[in-house]
Amino acid sequence: MSPGSQPGEKNTCTAAVITRPWATWIARAAVSARHHQAAAQAVCGDVLGSALAVPDALQELTSHSLLTADEGGESTPPGGEGGDAPRSRMLETVREFAESRLAETERAALRRRHAAYYLAWAEAAEPRLHGPEQPAWLNRLEGEHDNLRAALGWGVEQPEQDETGLRLAGAVF
């Protein structure tokens, strides 16, 4: 029983919650502290097997206090379809722990997928940054700042990915 809990009360962060495939999904999701469903699907959806599993995973992890709803953190997925999508945020301590559990090769593959997703997002946003949609898209860019910065950082760190970094920078900066 955790400190402050009552007998029979559910402990939300138990080993039973963090079992495979959940532990793998949490570790993969740790590549990004904040994400919307489309980003989660693109980066780590294959762990659970189907596109339908991602919403369930986000809901399950939120119910166990491993993710929280990101208030005011809505973002439009690449292509702009579907309007604004609610975002989730992984608690920083959970994210750091989970990311430390990733093997270096898996971390690199996930960061590559994360960068590819946000490159597509930035390139879809670029034409909307001028004209009547500009204020809304500047707000979306602000909401995705951490993800765009992480993707750009990865592109800069990886010499073989310099094109990704340059294209991302050109699209949003």
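Helix 5 passes helix 7 in a left-handed crossing. This is a predicted model, and that crossing is a handy place to start looking around. The two axes come within 9 Å and cross at roughly 120°, which makes helix 5 oblique to helix 7. On the helix 5 side, the residues that meet helix 7 are Ala 108, Arg 111, Arg 112, His 114, Ala 115, Tyr 118, Trp 121 and Ala 122. Helix 7 answers with Asn 147, Leu 148, Ala 150, Ala 151, Gly 153, Trp 154 and Glu 157.

**The chain as a whole**

Let's step back for a moment. The chain has 8 helices and 3 strands, and they come in the order α-β-α-α-β-β-α-α-α-α-α along the sequence. Of its 173 residues, 40% are buried. If you take the contacts between residues at least 6 apart in sequence, 63% of them join residues at least 24 apart.

**Helix 7 and its two sides**

Helix 7 covers residues 145–157, so to speak a run of 13 residues. From first C-alpha to last, helix 7 reaches 18 Å, close to the 18 Å expected at 1.5 Å a residue. Which residues of helix 7 are buried? They are Asn 147, Leu 148, Ala 151, Leu 152, Trp 154 and Gly 155. These sit on the same side of helix 7, because they cover an arc of only 160° around the axis. The background is simple: an α-helix has 3.6 residues a turn, so residues three or four places apart point the same way. Look at the other side of helix 7 and you find Arg 149 and Val 156, both exposed.

What do the buried residues of helix 7 pack against? Their partners are strand 1 (34–36), strand 3 (87–90), helix 5 (104–125), helix 6 (134–143) and helix 8 (162–172).

Just past helix 7, in the loop that leads to helix 8, is Gln 161. With a relative accessible area of 18%, Gln 161 is buried, since the cut-off for buried is under 20%. Gln 161 touches Trp 154 and Gly 155, leaving out residues up to four places away in sequence. Both of those partners are listed among the buried residues of helix 7.

**Helix 5 against helix 8**

Two packed helices are described by the angle between their axes and the distance between the axes. For helix 5 and helix 8, the axes come within 9 Å and cross at roughly 30°, which makes helix 5 roughly parallel to helix 8. This crossing is left-handed too. Helix 5 brings Ala 115, Tyr 118, Leu 119, Ala 122 and Glu 123 to the contact, while helix 8 brings Thr 164, Arg 167, Leu 168, Ala 171 and Val 172.

Thr 164 is worth a click in your viewer. Thr 164 belongs to helix 8 and counts as buried at 13% relative accessibility. Setting aside neighbours within four places in sequence, Thr 164 is in contact with Ala 115 and Leu 119.

**Leu 110, another helix 5 residue**

Leu 110 is in helix 5, and at 2% relative accessibility Leu 110 counts as buried. Which residues does Leu 110 touch, not counting those up to four places away in sequence? They are Arg 28, Val 31, Val 43 and Leu 102. Leu 110 also lies 8.8 Å from Ala 29, C-alpha to C-alpha, with their positions 81 residues apart in sequence.

**Helix 3 and the residue after it**

Helix 3 (residues 53–63) has Ala 53, Val 54, Ala 57, Leu 58 and Leu 61 as its buried residues. Their arc around the axis is only 135°, which puts them on the same side of helix 3.

Following helix 3 comes Ser 65, in the loop between helix 3 and strand 2 (67–69). Most residues other than glycine have a negative phi. Ser 65 has a positive phi of about 60° although it is not a glycine. At 38% relative accessibility, Ser 65 counts as partly exposed.

**Accessibility side by side**

Here are the single residues picked out above.

| Residue | Relative accessibility | Class |
|---|---|---|
| Leu 110 | 2% | buried |
| Thr 164 | 13% | buried |
| Gln 161 | 18% | buried |
| Ser 65 | 38% | partly exposed |

Notes:
Residues are numbered from 1 along each chain as its sequence is written. This is a predicted model: local features need pLDDT of at least 70, side-chain atom pairs count only at pLDDT 80 or more; totals for chains, interfaces and linings use all residues. Side-chain values use heavy atoms; hydrogens and water are left out. Helices (H or I, at least four residues) and strands (E, at least two) are DSSP runs, numbered from the N terminus. The expected span of a helix is 1.5 Å times one less than its number of residues. Buried means under 20% relative accessible area, exposed over 50%, partly exposed in between (1.4 Å probe, protein chains only). The arc is that of the directions from the helix axis to the C-beta atoms. Contact means heavy atoms within 4.5 Å. Axes are lines fitted to C-alpha atoms, for helices over the stretch in contact, and angles run from 0 to 180 degrees between N-to-C directions. Angles under 35 degrees count as roughly parallel, over 145 as roughly antiparallel, 65 to 115 as roughly perpendicular and the rest as oblique. A crossing is left-handed if the near helix is turned anticlockwise from the far one by less than a right angle, and right-handed if clockwise.
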